[in-house]
Amino acid sequence: MTNGSTNGPTNGPTNGATPNARRAVFLDRDGTITVERGYVTRPDELALIDGAAAAVRALNKAGLLVVVVSNQSGVARGFMTEEDLARLHERLEELLSAEGARLDGAYYCPNYSEGVDERYTRDLSCRKPNTGMVDQAARELGIDVSSSFMVGDHATDVELANRAGMPGILVMTGRGEEHLAAIEGGNPVAARVAADIGEAVAWILERATAGTGRGPDG
Ligand SMILES: [Mg+2]
């Protein structure tokens, strides 16, 4: 574990930079890909939001990397272990795979300042809206963050996008409606508000493939 984040088992090539930095779509998990249910700790509590697998599949097909970046402070709070978190990730991959979709990377931040387990209270660099998970993914997967996108249901997801220098899209699933006022107030600044991940990805694909005279890599 580095920088307090937990790598999923699907982190792809990690040795050296790729010659051409790649474009990615960073996705929040709870409330964006999976149904928001407070602190999900067991695999059987995980369910995909309608259209999420199809959206990920569309990104796969377009050649954009798909990378989950998720705050999971339930570890620091003592609600679950990192092993539980790994099992949840396996289940997420199973659910996506069953619909022909795959993740290229997944980063989870177990840390939280008020956690009960001191191992997880000190380093908050990975905790959104801090950019630690995006920075790590960029290094490990050879991603050009400035030409990438972030989708999530919290203002902190959009704030992360602002800090990292990429467009942030707020979705109205999960806790999206609770965070809409902040977005409408312009702090943080969202590039788009979308009904759900399907609408967000359609918007991203229009932009990612426009004006280059060619499609995205892959
Ligand atoms: Mg969320």
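Of the 218 residues of the chain, 46% count as buried, a residue being buried if 20 or more other C-beta atoms lie within 10 Å of its own, exposed if 12 or fewer, and partly exposed in between, with C-beta atoms placed from the backbone. This is a predicted model, in which local features need pLDDT of at least 70 and side-chain atom pairs count only at pLDDT 80 or more, while totals for chains, interfaces and linings use all residues. Residues are numbered from 1 along each chain as its sequence is written.

The mean pLDDT, the predictor's confidence in each residue on a scale from 0 to 100, is 90 for the chain, and 87% of the residues reach 70 or more. Over residues 1-18 pLDDT stays under 50, and for this segment the model has 39 contacts beyond four places in sequence; two residues are in contact if their C-beta atoms, placed from the backbone, lie within 7 Å. Where pLDDT is low, the predicted coordinates should not be read in detail.

**Strand order and pairing**

The chain has 6 helices and 7 strands, which are DSSP runs numbered from the N terminus (helices H or I, at least four residues; strands E, at least two). Along the sequence they follow the pattern β-β-α-β-α-β-α-β-α-β-α-β-α. Among contacts with a separation of 6 or more, residues 24 or more positions apart account for 69%. The table lists parallel strand pairs, where two strands pair if DSSP finds at least two bridges between them.

| Strand pair | Bridges | Opposed residues |
|---|---|---|
| β2 and β3 | 4 bridges | F26 and V67 |
| β3 and β4 | 5 bridges | V68 and A106 |
| β2 and β5 | 3 bridges | L27 and V151 |
| β5 and β6 | 3 bridges | V151 and I169 |

Helices link several of these strands. A right-handed β-α-β unit is made by β2, helix α1 (residues 52-62) and β3, another by β3, helix α2 (residues 82-97) and β4, and another by β5, α4 and β6. Such a crossover is right-handed if, with the strands pointing away from the viewer, the path from the first strand over the helix to the second runs clockwise.

**Buried strands and the core**

Strand β3 is largely enclosed by the rest of the structure, because 7 of its 7 residues are buried. Its two faces are both covered, with L65, V67, V69 and N71 buried on one side and V66, V68 and S70 on the other. In β5, F149 and V151 point one way and M150 and G152 the other way, and all are buried. In a regular strand the side chains alternate between the two faces of the sheet.

The largest nonpolar core, a set of buried Ala, Val, Leu, Ile, Met, Phe, Trp, Tyr and Cys residues joined through C-beta atoms within 7 Å, has 61 residues, and those with the most contacts inside it are V25 and V67. Helix α6 (residues 197-209) gives the largest share of this core, 6 residues. In soluble globular proteins, nonpolar side chains tend to be buried together.

Leaving aside neighbours within four places in sequence, V25 is in contact with L59, L64, V66, S148, F149, V151 and I204. F149, which lies in strand β5 (residues 149-152), counts as buried because it has 26 C-beta neighbours inside 10 Å. With residues up to four places away in sequence not counted, F149 touches V25, F26, M166, P167, I169 and I204. The C-alpha atoms of F149 and I204 are 7.5 Å apart in space, although the two are 55 residues apart in sequence.

**Helix α3 and the loops**

Helix α3 (residues 132-141) is largely enclosed by the rest of the structure, because 7 of its 10 residues are buried. These are G132, M133, V134, Q136, A137, A138 and L141, and what covers them includes β2 (24-27), β3 (65-71), β4 (105-109) and α4 (155-164). G142 follows α3 and has a positive phi, near 70 degrees.

In the loop between α3 and β5, D144 counts as partly exposed because it has 14 C-beta neighbours inside 10 Å. D144 and R23 are 121 residues apart in sequence and 5.7 Å apart in space, C-alpha to C-alpha.

Two loops contain cis peptide bonds: the bond from K128 to P129 has omega near 15 degrees, with P129 in the loop between β4 and α3, and the bond from N187 to P188 has omega near 5 degrees, with P188 in the loop between α5 (176-184) and β7 (192-194). Most residues other than glycine have a negative phi, and most peptide bonds are trans.
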